[in-house]
Amino acid sequence: VQTLYDGAFVSKDEGWVCGTSNGTFGTILHTIDGGISWQEQISNTPENLKGIEFVTALKGWAIGENGSIVRTVDGGQTWVSQNSGTLEDLTGLDFANQRTGTIVATNGIYLQTDDGGENWSLNNHTPVNNLEAVDYRSQQAWGYIVGNNSTFQINGSSQDLTPQGWGLQANEPEKLRDIEAVSENEAWAV
């Protein structure tokens with residue numbers, strides 16, 4: 001039994017989930033009936049997959065351990081490896097629009113694309129944080145990245161992460177693992 005880590009839906013019926021390796025390939029499952037049934041897709045990577053994102057019903061990416069990125073342009077019929085330039089574990093990804101996207105990773109690594117995921121530029125954030133999740137809130141590439149007790153703001157196509165003040169919803173700081181921004185002024189992190 002595989003552990004599932006992330007999911008992406010392009011409609012109420014069609015979506016994908018990803019997770020740990022089945023012994024041969026990282027798990028990707030696809031549904032066209034709202035999750036009633038799932039079909040396995042061959043990811044073509046042996047790595048555990050931690051994140052998945054689709055910008056259309058045909059075009060998507062899955063990311064995972066040891067810098068693994070796989071991409072599909074046919075709805076997951078075929079998945080092809082892409083070079084991330086790192087062996088860090090890739091932990092989260094999101095696209096603001098069909099051209100601009102970000103992948104976050106351990107040890108302050110993040111990758112960005114402005115050509116629809118054809119190429120990824122490798123960046124390193126200082127001070128080093130394990131970056132866990134990214135969420136865009138506008139087509140103009142405005143959003144947040146969360147990690148070890150930190151939240152960073154993404155603005156436009158800039159590759160610089162700027163510190164953003166954040167009020168933790170607990171008595172003591174905890175590692176932030178995911179974020180969902182509901183507007184430019186409000187977001188929730190867990």
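## A guided tour of an all-strand model

Start by selecting Trp120, which counts as buried at 11% relative accessibility. Keep in mind as you look around that this is a predicted model. Trp120 sits in the loop between strand E11 (109–113) and strand E12 (121–124).

Now add Phe95 to the selection; this residue is buried too, with a relative accessible area of 7%. How far apart are the ring centres of Phe95 and Trp120, and at what angle do their planes meet? The centres are 5.9 Å apart and the planes stand at 80°, so the pair is edge-to-face. Phe95 belongs to strand E9 (residues 90–95), and the pair links distant parts of the chain, 25 residues apart.

**Zoom out**

Switch to a cartoon view of the whole protein. You will find 18 strands and 0 helices. Of the 190 residues, 50% count as buried. The accessible surface comes to about 9,200 Å², and carbon and sulfur atoms account for 46% of that surface. If you draw contacts between residues at least 6 apart in sequence, 35% of them join residues at least 24 apart.

**Strands E1 and E2**

Next, select residues 4–9 for strand E1 and residues 15–21 for strand E2. The two run antiparallel and are joined by 5 bridges. A hairpin connects E1 to E2 through 5 residues. To check the register, show Ala8 and Trp16: Ala8 stands opposite Trp16 in E2.

Is strand E2 largely enclosed or open? Of the 7 residues of E2, 6 are buried, so the strand is largely enclosed by the rest of the structure.

**On to E3**

Extend the selection to residues 26–31, which make up strand E3. E2 and E3 also run antiparallel, this time with 6 bridges between them. Two residue pairs help you see the alignment: Gly15 stands opposite Thr31, and Gly19 stands opposite Thr27. The hairpin between E2 and E3 has 4 residues between the strands. Click on Gly23 in that turn and look at the backbone torsions: phi is positive, about 105°.

Colour E3 by burial and 6 of its 6 residues come up buried, so E3 is largely enclosed by the rest of the structure. In a regular strand the side chains alternate between the two faces of the sheet. Here both faces are covered, with Gly26, Ile28 and His30 buried on one side and Thr27, Leu29 and Thr31 buried on the other.

The other partner to show is E4, which pairs with E3 in the antiparallel sense over 4 bridges. Select His30 and Gln39 to see one position in this pairing, where His30 stands opposite Gln39 in E4.

**Rings to look for**

Turn on the aromatic side chains. The structure holds 6 aromatic pairs. One of them is Phe9 with Trp38, an edge-to-face pair at 6.4 Å centre to centre and 85° between the planes. Which parts of the chain does this pair tie together? Phe9 lies in strand E1 and Trp38 in the loop between E3 and strand E4 (39–42), so the pair connects parts that are 29 residues apart in sequence. Phe9 is partly exposed, with a relative accessible area of 44%, and Trp38 is partly exposed at 33%.

Then show Trp16, Phe54 and Trp79 together: ring pairs link these three residues into a cluster. You have met Trp16 already, as the residue of E2 that stands opposite Ala8.

One more ring is worth a click. Select Tyr5 and Lys50, and you will see Lys50 lying over the face of Tyr5, at 4.5 Å from the ring centre.

**Last stop: Ala57**

Finish at Ala57, in the loop between strand E5 (49–54) and strand E6 (60–64). Is this residue buried or partly exposed? Ala57 is partly exposed, with a relative accessible area of 34%.

Which residues does Ala57 touch, leaving aside those up to four places away in sequence? Its contacts are Val10, Glu14, Trp16 and Gly75, so select these to see the surroundings of the loop residue. For a distance to try in the viewer, draw a line from C-alpha to C-alpha between Ala57 and Val73: the two are 16 residues apart in sequence and 8.8 Å apart in space.

Definitions and conventions: Residues are numbered from 1 along each chain as its sequence is written. This is a predicted model: local features need pLDDT of at least 70, side-chain atom pairs count only at pLDDT 80 or more; totals for chains, interfaces and linings use all residues. Side-chain values use heavy atoms; hydrogens and water are left out. Buried means under 20% relative accessible area, exposed over 50%, partly exposed in between (1.4 Å probe, protein chains only). Contact means heavy atoms within 4.5 Å. Accessible areas come from the Shrake-Rupley method with a 1.4 Å probe; for residues, only the protein chains shown count as cover. Two strands pair if DSSP finds at least two bridges between them. Rings of Phe, Tyr and Trp (its six-membered ring) pair if their centres lie within 6.5 Å; planes under 30 degrees apart count as stacked, over 60 as edge-to-face and the rest as tilted. A charge sits over a ring if NZ of Lys or CZ of Arg is within 6 Å of the ring centre and within 35 degrees of the ring normal.
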